[in-house]
Amino acid sequence: MNEEKIIEIIYKSISELNNNELEIKKIPLNRDVILIGSKGCLDSMAFAVFISTLERYFFEEINLKIDFLDSIDNPEELFRVLESPQKIAEFIIKISKTSS
């Protein structure tokens, strides 16, 4: 799976979040931006919207059906995977290799 395409989808999801009416600061399109956690850009509502948008775009763009909450049992691992665009991309590449 092409990492650049995955990053493009992640940025598209972030851009949609940046453009909607939620009262959040704009999230930079940067591979290492911290999305969640104490230094993260997303509050809990924005995080839920982001995950939903991300899952929808992965399906629409590359026909990858993923449910992050069901795919990762350990909450600590979930937050590690979703911490930044780069870590999300690494996770998507990893699961696409194991499912092929």
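These legends describe close-up views of a predicted model.

**View 1. Confidence across the predicted model.** The protein has a mean pLDDT of 90. Of its residues, 94% reach 70 or more. Helix 1, which covers residues 3–19, has the highest mean pLDDT among the elements, at 95. Helix 3 has the lowest, at 88. Where pLDDT is low, the predicted coordinates should not be read in detail.

**View 2. Helix 1 packs against helix 2.** Two packed helices are described by the angle between their axes and the distance between the axes. For helix 1 and helix 2, the angle is about 135° and the axes are 9 Å apart. Helix 1 is therefore oblique to helix 2. Why not roughly antiparallel? That label needs an angle over 145 degrees, and this pair packs at about 135°. The crossing of helix 1 and helix 2 is right-handed.

**View 3. Helix 1 packs against helix 5.** Here the packing angle between helix 1 and helix 5 is about 130°. Their axes lie 9 Å apart. That angle makes helix 1 oblique to helix 5. The crossing of helix 1 and helix 5 is right-handed. Helix 5 spans residues 85–98.

**View 4. An aromatic pair joins helix 2 and helix 4.** The count of aromatic pairs comes to two. One of them is formed by phenylalanine 47 and phenylalanine 79. Their ring centres are 6.2 Å apart, and the planes make an angle of 40°. The pair counts as tilted, because 40° is neither under 30 degrees, as for stacked rings, nor over 60, as for edge-to-face rings. Phenylalanine 47 belongs to helix 2, residues 44–62. Phenylalanine 79 belongs to helix 4, residues 75–81. The two residues are 32 apart in the chain, so the pair links distant parts of it. Is each ring buried or partly exposed? Phenylalanine 47 has 14% relative accessibility, so this residue counts as buried. Phenylalanine 79 has 43%, so this one counts as partly exposed.

**View 5. An aromatic pair joins helix 3 and helix 5.** Phenylalanine 68 and phenylalanine 91 also form an aromatic pair. The distance is 6.1 Å from centre to centre. The planes are 40° apart, and the pair is tilted. Phenylalanine 68 sits in helix 3, residues 68–71, while phenylalanine 91 sits in helix 5. They are 23 residues apart in sequence, so the pair ties those parts together. Both phenylalanine 68 and phenylalanine 91 are buried.

**View 6. An arginine lies over a tyrosine ring.** Arginine 56 lies over the face of tyrosine 57. The distance to the ring centre is 4.7 Å. Tyrosine 57 is part of helix 2. Its relative accessible area is 9%, so tyrosine 57 is buried. Now compare a separation along the chain with one in space. Tyrosine 57 and glutamate 83 are 26 residues apart along the chain. Their C-alpha atoms are separated by 18 Å.

**View 7. Leucine 54 is buried in the model.** Leucine 54 is a residue of helix 2. What is its relative accessible area? The value is 0%, so leucine 54 counts as buried. Isoleucine 66 is 12 residues away from leucine 54 in sequence. In space, the two are 9.2 Å apart, C-alpha to C-alpha.

**View 8. Asparagine 63 has a positive phi.** Where is asparagine 63? This residue is in the loop between helix 2 and helix 3. Its phi is near 55°. That is a positive value in a residue other than glycine. Asparagine 63 has a relative accessible area of 59%, so this residue is exposed.

**View 9. Isoleucine 34 sits in a loop.** The loop is the one between helix 1 and helix 2. Isoleucine 34 has a relative accessible area of 28%, so this residue is partly exposed. Along the chain, isoleucine 34 and isoleucine 95 are 61 residues apart. Their C-alpha atoms are separated by 22 Å.

Methods:
Residues numbered from 1 in each chain as written. Predicted model: local features only at pLDDT ≥ 70, side-chain atom pairs only at ≥ 80, totals over all residues. Heavy atoms only, no water. Phe/Tyr/Trp six-rings, centres within 6.5 Å; stacked < 30°, edge-to-face > 60°. Helix = DSSP H or I, 4+ residues; strand = E, 2+ residues; numbered from the N terminus. Buried < 20%, exposed > 50% of the residue type's maximum accessible area, 1.4 Å probe, protein only. Lys NZ or Arg CZ within 6 Å of the ring centre and 35° of its normal. pLDDT = per-residue confidence, 0-100. Axes fitted to C-alpha atoms, helices over the stretch in contact; angles between N-to-C directions. Parallel < 35°, antiparallel > 145°, perpendicular 65-115°, else oblique. Left-handed = near helix turned anticlockwise from the far one by under 90°.
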